[in-house]
Amino acid sequence: MAPLPSPEPARQLETTASLDVRKLRFEVNRMLLPMGVEGTFGMVKHPGASLAVPVLADGRVVVLRQYRFAVATRLLEFPAGTLDPGETPLSTMQRELQEEAGYSATRWDELGSLLPCPGYSDEVIHLFLARDLTELSERPPGDDDEDLEVVLMTPAALDQLIASGDEYLDAKSVTAWFRAKQVLGI
């Protein structure tokens, strides 16, 4: 992958309000943008996250159907999670794959990073392709609020589901699947 462009940071002049919730922080800041415009902007400060596209030896992909309270519905997505302090993106994903999907992997390919909501959040999601999977005999405990079902799908079935619009999928998963397919040659 080619290197990403260098950041052009705005200058934070003042934080006028903030709210810490779980792993996130919401700030209202007065900023001076690189082009000279000054304004007040709300922003979600996020520690970052990782996502993996897990692929079994037979080619099926491991997908989760997970309840998301913000949209009050279940949607399909790949295993993912927020970076804990001291974790690398890969170690986060190795932990999350076990907790959420019940698998471990010995082969990891980087698929780059993405910015899911750059209009209001500094979150960066690190994408991986996980292969050489082994199903765990017992899934380690995950987060209390996770309500998820592991679903195994063929690549063709996942492509059809994305194309049909018959089920909600999140954008990070669709992007990761697009990149994984390039590495997999499918």
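This tour moves from the whole chain to one sheet, then to the helix packed on it, and ends at a cavity.

**Before selecting anything.** The model is predicted: local features require pLDDT of at least 70 and side-chain atom pairs pLDDT 80 or more, while totals for chains, interfaces and linings use all residues. Residues are numbered from 1 along each chain as its sequence is written, and side-chain values use heavy atoms, with hydrogens and water left out.

**The whole chain.** Display the chain as a cartoon; three helices and 10 strands are present. These elements are DSSP runs numbered from the N terminus, helices being H or I of at least four residues and strands E of at least two. Along the sequence, their pattern is β-β-β-β-β-β-β-α-β-β-β-α-α. The C-alpha atoms fill a box of roughly 55 × 35 × 35 Å along the principal axes. Of the 186 residues, 34% count as buried, that is, under 20% relative accessible area with a 1.4 Å probe and protein chains only.

**The four-stranded sheet.** Next select strands 7, 4, 9 and 8, which in that order form an open sheet with mixed pairing. Two strands pair if DSSP finds at least two bridges between them. Strand 7 (80-82) and strand 8 (103-114) are the edge strands, each pairing on one side only. Neighbouring strands are turned by 25° against each other on average, direction ignored; the axes are lines fitted to C-alpha atoms, for helices over the stretch in contact, and angles run from 0 to 180 degrees between N-to-C directions.

Now restrict the view to strand 8 and strand 9 (residues 125-135), which pair in the antiparallel sense over 10 bridges. Within this pairing, S104 stands opposite T134 in strand 9.

**Helix 1.** Add residues 89-101: helix 1 packs on the sheet and touches strand 4 (49-54), strand 7, strand 8 and strand 9. Contact means heavy atoms within 4.5 Å. The direction of helix 1 makes about 125° with that of strand 8.

**The cavity.** Finally, select V63, L76, E77, F78, L158, I162, L169, S173, V174 and W177, which line the largest cavity. A cavity is a set of points on a 1 Å grid over the protein atoms alone where a 1.4 Å probe fits but cannot get out, and lining residues have an atom within 4 Å of a point. The volume is about 30 Å³, taken as the space filled by probe spheres set on the points. Strand 6 (73-77), helix 2 (155-164) and helix 3 (171-184) each supply at least two lining residues; helix 3 gives the largest share, three residues.

Key. 1 Å grid on protein atoms, 1.4 Å probe; cavity = no way out; pocket = protein on both sides within 12 Å on 5 of 7 lines; lining within 4 Å. Buried < 20%, exposed > 50% of the residue type's maximum accessible area, 1.4 Å probe, protein only.
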